[in-house]
Amino acid sequence: MFDNKTEAQAREEILNMVTEYCDTYHNKKKTFEPGDYIPYASRVYDHKEMSNLVDAALEFWLTSGKYTAEFEKRFAEYLGVKYCSLVNSGSSANLLAFMALTSPLLGERQVRPKDEMITVAAGFPTTITPAVQYGVIPVFIDVTIPQYNLDVSQLEAALSERTKVVMAAHTLGNPFDLHMVKQFCDKHNLWLVEDNCDALGTTYQIDGQEYFTGTVGDIGTSSFYPPHHMTMGEGGAVYTNHPLLHKCIQSFRDWGRDCACKPGQDNLCGHRFDKQYGELPLGYDHKYVYSHFGYNLKATDMQAAIGCAQIEKMPEFVEKRRHNFYRLLEGLKECEDKLVLPVPCENSSPSWFGFLVTCKEGVSRNKVITYLESHGIQTRMLFAGNLIKHPCFDQMRASGEGYRVNGSLENTDRIMRDSFWVGLYPGMTDEMIDYMAKIMKEAVYQ
Ligand SMILES: Cc1ncc(COP(=O)(O)O)c(C=O)c1O
C-alpha cells in the first residue's frame, strides 16, 4: 500500500483516511426527539482531534514531546499566563499546585504540616486532598446560595496565625469573588490557588481589567477529563505567572528533580557535570539531582495532541455554554417560586459548566431528579455536597482533629440536601435545552 511512498506521504494518506473515518462514523447529526437521552456532559470534537491523535501515535514518541510543548505554549497564550505545565489529570494539577507551596525554595512562605488552608466543603474532594495528605489543616467556611462559592464575609473570622493558603474551586464555572479573596490574601500574605477545573474560559473584571479565572491567584489548575470545558481523555494543567512557583511545579511533576531538561533532552543548563548540590560529589550529574520529593504526573503526547485541537475550539465552546445557560434560565424563570436559580458572580462572565439549582421548601429534590432521570435527563449533585459528612472524614470527625470549621455550614448542608445540576455542554441544541426546561417545570410542579 505504501510502495514508492515517502514516510510523509504515507502519513498524509493515513491522516486523510482518519479524517474521512471520523466525518463518516462520528458526530453524525441526529435531530433531537423528546425523550432522547440528554447527558450532563459530552465530548465535542471533530476530525482534527482524531487526526492529531493518530499523528502523535504514528510519531510514537509516546511521552511528552512536541505536542506537549505546543499545547503548554498555546494554553498559556489562551489564558494570558507566563507558564503552563501539562499533567495527567485535574487532581494531579491540584496536587502539584498545593505541593509547589511546600517547597523549601519558598523560604518563609513555605507551607508546612499543621499550617492552615481556608477552603469550602461544598465541592470536589481533590481540591483539598493534597492538603489533608500533607498534614495541613483545611478550615471550612460556608458558601453563599445561589453563587455556591465561598462566603467572603467569613474569611477574616477563619484566619489564624497558621493560615498560609486559600484554595477553592470556582463552582461550576461561576467564579468566587476573586477581587475580595485576592485582597484578603494580599493583606495577610497568603497563597491563593484557584481550582479552575470547572471554570475554564470564565472571565472576571478587576478595576476595569479582564482576567481569566485561574490567573488572578498565584496558581490555577484545569482538568481535561471528558465532561469538562475541553478534553484530552484524561489530563490537566497547572499555570502561574511566578517563575519560582513554575520551577517548583515542574520539579514536583517530574520526579522531584532539579534539572529542567524535557524528556530526551540533556544538559539544557550547560552545567550538567560541574555543580555542587547538597552533599553530593562535585559535578554529580544534574539530571539525577533531586530538590524535592516529587512524583511523575506528566501526560502523554497523544493526550496533548488532542488538546492542541480542542484549545482552538475554546472560544466557541464558551460562547455556546453561555448561550445554553441563558436559554435555560429564561425557560425556568417562572419556576422561581419552586427553585433557586443560579446567579453569576458580580463583575464576571462565567463559562458555565452546569446549571445548578436548589429546591425551595416543599419541593423534594429526590422526586424532581427521579422525574428528570426517568425522562432521559441526566442529573448531578454538587459533587460531595458537604465533604465533611463523607466516609473519608470518619476518622477525622471522630477525633475532631485534622480540620476546622468556621461558623456554621448551613448553606453547605442545604446544598447537600436540596441542590442538583444539569448540563449545558456545547453539543446541546436549543431543542434539548427547551425540552429540559419543559421537563424541569413538570418535575417541580408535579
Ligand atoms: C472542581 C474540580 N476540581 C478537580 C477535579 C478533578 O479533575 P480530574 O477528574 O481531572 O482529576 C474535578 C473533577 O471533575 C473538579 O470538578
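How far apart are the end C-alpha atoms of helix H13 (residues 430-445)? Before selecting anything, note that this is a predicted model, in which local features need pLDDT of at least 70, side-chain atom pairs count only at pLDDT 80 or more, and totals for chains, interfaces and linings use all residues. Residues are numbered from 1 along each chain as its sequence is written, and side-chain values use heavy atoms, with hydrogens and water left out.

Select helix H13 to begin (helices are DSSP runs of H or I with at least four residues, strands are runs of E with at least two, both numbered from the N terminus). Its end C-alpha atoms lie 23 Å apart, which agrees with the 22 Å that its 16 residues should span at 1.5 Å a residue, the expected span being 1.5 Å times one less than the number of residues. Among the buried residues of H13 are Met432, Tyr435, Ile439 and Val444, where buried means under 20% relative accessible area, exposed over 50% and partly exposed in between, with a 1.4 Å probe and protein chains only. The cover over these buried residues includes H9, strand S14 (354-359) and helix H10 (365-374).

Next, select Ser64, in the loop between helix H2 (47-59) and helix H3 (66-79); Ser64 counts as buried because its relative accessibility is 9%. Beyond its neighbours within four places in sequence, Ser64 is in contact (heavy atoms within 4.5 Å) with Pro263, Lys298, Ala299, Thr300 and Asp301.

Finally, move to Leu280, in the loop between helix H8 (243-253) and helix H9 (301-332), where Leu280 is partly exposed at a relative accessible area of 31%.
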